[in-house]
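User: I have a structure open here and would like to go through it piece by piece. Could you help me with the packing, the sheet and the chain contacts?

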Amino acid sequence: MAEPAVSAGKNPVLIRIEDLRRDFTVGSRTVSALAGVSLDIRRGQTVAVVGESGSGKTTLGNQILGIDQPTSGRILFEGREITATRDTDMRRRIQVVQQSPYTTLNPKRSLRQILDLPIAIHSNRSRRERRDRVAELLEIVGVPADFMERHPYMLSGGQRQRVALARALAPEPDVIVLDEPTSSLDVSVQARILQMLVDLQSQYQLTYLFITHDLSVVRNIADEVVVLYRGYVVERGATTELFSNPQHRYNAMLLSSIPVVSEPEEALKPSWDWDGDVLGIEPSVGAACPFLPRCPHAVALCDQGVPPLVAATPTHLHACRNPRGPGAACRE
Amino acid sequence: MTPAIFNSRAWYRYRSEPLAVFGLGLLTVIVLLAVLAPVLTPYPDHAGRFVDFGNTSQPPSSRHWFGTDLVGRDVLTRVVYGYRISLMIGFVVLGLAAPLGVTLGLVAGYMGGRIEMIIMRVTDVFLAIPALVLAMAVLGVLERTLINGLLALAVLWWPWYTRMVYNQTRALRHEEFVVAAQVVGASHLHILFREILPNLLPSVLTKFTLDLGFVILVASALSFLGLGVEPPTPDLGSMVAEGASYQPDMWWLPVFPGLAILLVVLAFNLVGDGLRSMFGEGR
Amino acid sequence: MSAEPILAVEDLHLRIRQFEGEAHILNGVSLRLGAGERVALVGESGCGKSSTALIAMGLMNSGNMSVDGRVMLEGTDLLGLGEREWRNIRGRQISMVFQDPGAALNPVFTVGDQLATAIRRGDPGTSLAEAQERAAEALRHVHVVDSERVLASYPFQLSGGLNQRILITMALVNRPRVVVADEPGSALDVTVQEQTLRLMKALTDEVGAAVLLITHNLGVVRTFAQRVYVMYSGTIVEEAETARLFETPRHPYTKALLAAVPRLTGEGLPQPIPGQVPDYTNPPAGCRFQPRCPHARADCVDPPFAEPEPGHRVRCVLGD
């Protein structure tokens, strides 16, 4: 697939995803969770993958983490292809922080047992050294080291997420897949986790793939954004451009849905015709733009196959046949 | 000084069910009776080969509270000793069946694919055959010894553990903490026995407790049909069976062992229900 | 907040006996809804906002709880009512929209059956055919295309957004005076949440129902509610008209909560609130926010309810 390159950022590419596809068979039908996704993740950057449930964003994370096998396509890590069968060192380099503070930690294991596992697998430390490392990790994420023998139920939601973060840091990874790491938390707790993520990133030169549906968080943490819709990348590029000048109609709809708390933010949201006429009928797979059934701006061309990604600027791609256009910056 | 368990959240939940507390009390009494049988029973030597033809088939009296049997043995003594055998049968049978069933269920639920298919089909076959028929068939082929009886019951029981553990393992297989362990590179063995199994133990333990009652009941039924423990070992099921032939004149022969079976099954059930509600709520 | 309130919660206390001791979950909650008014009750998880809603719906009672105070619906105290009396009120005078439409609809009945049942509960004289006709009409009214097919479907055959739409229709079909909505649409995607809130606004306006919106999302409050109560740890700490609250928040907790919201303007990371929510079995005396408050001082043990401007009340020693 020839596709314009996005040259956001100068750091070298750490992970390159090429035309990744993952099909699931549901009964007699085939559903594509990922319908040919390509993107680059640069070292030390934060790439946000945004989409609603069913967009394929978690499936994408699972491919990178090596716990699921793509139907076709490739993932390159530092230029070498990696698959779901990977050696211990490759496993070490990509870690995860998940969504739910209630299920991410095994309720039957103590914090020490939970954090000891990655250390024991990925280092030759003695039992005593591992224990010291567990204490150190807890300190890094701001959980008192003497909580070590406690079980998860004795911790608050925020503390549990911090332990999950410590677990991800334990094997000293290069990349952390953050799969909705704060969406189950209250805003006051979320703020602290976000702060911690940013601090840790600069301290340990971490690369983040930040999977989320929350655009306000993305705006403040990501260098680059990828908008997924039903397994397709519909828009991607530098964060500021995607927010200030959304091109794909779905991205505009997403932005205009964000509940905001101030007038200046309201002014940044694009307008959306909530009562506009939409088709409502699902097209057959691959026959049309995936967003066509919900789009009040559809034109005749929209059911002529899936639109390819085109460049609006060198750092901004979109796959819309009737985009908002270069001049359509948001209301000031 | 109260032990720590009585000051825990778990005990707090268990305690909120009066019937479960009653069951636990009853069970404690039964276990104490069984363990201390040689000390507590009036005629310990009546538990074995003993005859006293001068004292046969006596109705309950102050000397023999539950009366005496056809060869003059004290029924109370034999009922208490019967509990020893019953409890032993329960623990041995489930001690064999549960670990086997749990392991197979874990492997099938987690590994999937061919392994899952093979294990689960075999399990289904065993589940499809009525329990008593299966046990009788096993005992029909094998020699009728206590050991073989226990084996027959174990063969009967493991598939239920496999089914239950399999379903729960499948539900946990994609749980976030399991995925996290996979991402970190943990072995299958670690994930099965350190991550998943501890989460299933409460329900396994609950089922184990409930099943103890049923195993004792089925063992009694087998004895009743003449397929269980051999005389002169005091077995509650055999005692009911023997006594049944002399009805209604010698009512004490089947009634007291029957009541004893009822009580132990009831106790295990009440405790099992209590455990279920103790583990059920919260996490 | 003119005239007589249609729903008034007065000095509500909820205590739950637990292993750890008695938890004082609600500590004197009072709030009022005017006829047709949209009011939000906002706070973080565990602050007691959902308990307040469930008590107002008569859905919270269990052996280990005690509830004190009053919940007045047009002059009747709902707290003393039995289950039989509640059945005449719930779904007719006061109804509820839940967070997760998938869990709130019954999977074994068609949407049409459930809507028709709701209609006949409100108006027992309606024949089944009439009720089904009215159900179809109600769905057409909320722009559900192909309403016949939808009525014949089971909830799991429909999208989350459509189910939410049906749930709202069902809650309003008997023209209740009050709707209690607990985080409507927040289990769904932002685009669906936005549509859900728009529909709720339109339908409640049309029926003249008052809405008590329970939410943790300040953005949702701002777009939906006319008036807001901010709740922290079982107490109402601030009450104001929505625009006023966002312009000049007065309680330190309200300010901290607003500062914790990530902004679309991208002005950097939001500010966390230090410390933790207090333990309900042993809460601090007086203002429960005081241990986390940058302005805490000695007289926080008994903060007054100040009213610096008409309709803007704040429970803080700083008052103004």
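User: How are helix 5 of chain B and helix 7 of chain B set relative to each other?

Analyst: This is a predicted model, and in it helix 5 (residues 113–128) of chain B packs against helix 7 (residues 146–172) of chain B at an angle of about 130°, with the axes 9 Å apart. The two helices are therefore oblique to each other, since an angle counts as oblique when it falls outside the ranges for roughly parallel, roughly antiparallel and roughly perpendicular.

User: And which hand does the crossing of helix 5 of chain B and helix 7 of chain B have, left or right?

Analyst: The crossing of these two helices of chain B is left-handed.

User: Which residues make that contact?

Analyst: From helix 5 of chain B come Ile119(B), Met120(B), Thr123(B), Phe126(B) and Leu127(B), while helix 7 of chain B supplies Pro159(B), Thr162(B), Arg163(B) and Tyr166(B). Sorted by class, the contact holds six nonpolar residues, two polar ones and one charged one.

User: Moving to chain A, at what angle do helix 5 and helix 6 of chain A cross?

Analyst: Helix 5 (residues 157–169) of chain A and helix 6 (residues 187–204) of chain A cross at roughly 20°, and their axes come within 10 Å. That makes helix 5 of chain A roughly parallel to helix 6 of chain A, because angles under 35 degrees are counted that way. The crossing of this pair is right-handed.

User: Which residues meet there?

Analyst: On the side of helix 5 of chain A they are Gly157(A), Gly158(A), Gln161(A), Leu165(A) and Leu169(A), and these meet Val189(A), Arg192(A), Ile193(A), Met196(A) and Leu200(A) of helix 6 of chain A. The contact has six nonpolar, three polar and one charged residues.

User: Now the sheet in chain C. What is its strand order?

Analyst: It is an open sheet of four strands in the order 2-1-4-5, with antiparallel pairing. The edges are strand 2 (21–34) and strand 5 (76–77) of chain C, each of which pairs on one side only.

User: How many bridges hold strand 1 of chain C to strand 2 of chain C?

Analyst: Eleven bridges join strand 1 and strand 2 of chain C in the antiparallel sense, and the two strands form a hairpin with two residues between them. Within this pairing, Ala8(C) stands opposite Arg32(C) of strand 2 of chain C.

User: And how many bridges link strand 1 of chain C to strand 4 of chain C?

Analyst: There are eight bridges between strand 1 (residues 5–18) and strand 4 (residues 65–73) of chain C, which run antiparallel. Leu7(C) stands opposite Leu73(C) of strand 4 of chain C, and Ile16(C) stands opposite Met65(C) of that strand.

User: Which strands does helix 1 of chain C lie across?

Analyst: Helix 1 (residues 49–56) of chain C lies across strand 1, strand 2 and strand 4 of chain C, and runs at about 115° to strand 1 of chain C.

User: Different topic: how many residues of chain C and chain A are in contact?

Analyst: The contact involves 35 residues of chain C and 29 residues of chain A. On the side of chain C, the elements that give two or more residues are helix 8 (190–207), helix 9 (218–224) and helix 11 (252–259) of chain C, with the largest share, six residues, coming from helix 8 of chain C. By class, that side of chain C has 16 nonpolar, 13 polar and six charged residues.

User: How many residues do chain A and chain B put into their contact?

Analyst: Chain A gives 20 residues and chain B gives 15. On the side of chain A, helix 2 (88–93), strand 6 (94–97) and helix 3 (111–122) of chain A each give two or more residues, and helix 3 of chain A gives the most, with three. That side of chain A has ten nonpolar, seven polar and three charged residues.

User: Last thing, the backbone angles. What is phi of Asp19(A)?

Analyst: Phi of Asp19(A) is near 45°, a positive value in a residue other than glycine. Asp19(A) lies in strand 1 (residues 13–26) of chain A, and it is partly exposed, with 15 other C-beta atoms within 10 Å.

User: What about His143(C), where is that one found?

Analyst: His143(C) is in the loop between helix 5 (128–141) and helix 6 (147–151) of chain C, and it has a positive phi of about 60° although it is not a glycine. With 10 C-beta neighbours inside 10 Å, His143(C) counts as exposed, because the cut-off for exposed is 12 or fewer.

Definitions and conventions:
Residues are numbered from 1 along each chain as its sequence is written. Chains are lettered from A and ligands numbered from 1 in the order in which they are written. This is a predicted model: local features need pLDDT of at least 70, side-chain atom pairs count only at pLDDT 80 or more; totals for chains, interfaces and linings use all residues. Axes are lines fitted to C-alpha atoms, for helices over the stretch in contact, and angles run from 0 to 180 degrees between N-to-C directions. Angles under 35 degrees count as roughly parallel, over 145 as roughly antiparallel, 65 to 115 as roughly perpendicular and the rest as oblique. A crossing is left-handed if the near helix is turned anticlockwise from the far one by less than a right angle, and right-handed if clockwise. Two residues are in contact if their C-beta atoms, placed from the backbone, lie within 7 Å. Ala, Val, Leu, Ile, Met, Phe, Trp, Tyr, Cys and Pro count as nonpolar, Asp, Glu, Lys and Arg as charged, and the others, Gly among them, as polar. A residue is buried if 20 or more other C-beta atoms lie within 10 Å of its own, exposed if 12 or fewer, and partly exposed in between; C-beta atoms are placed from the backbone. Two strands pair if DSSP finds at least two bridges between them.
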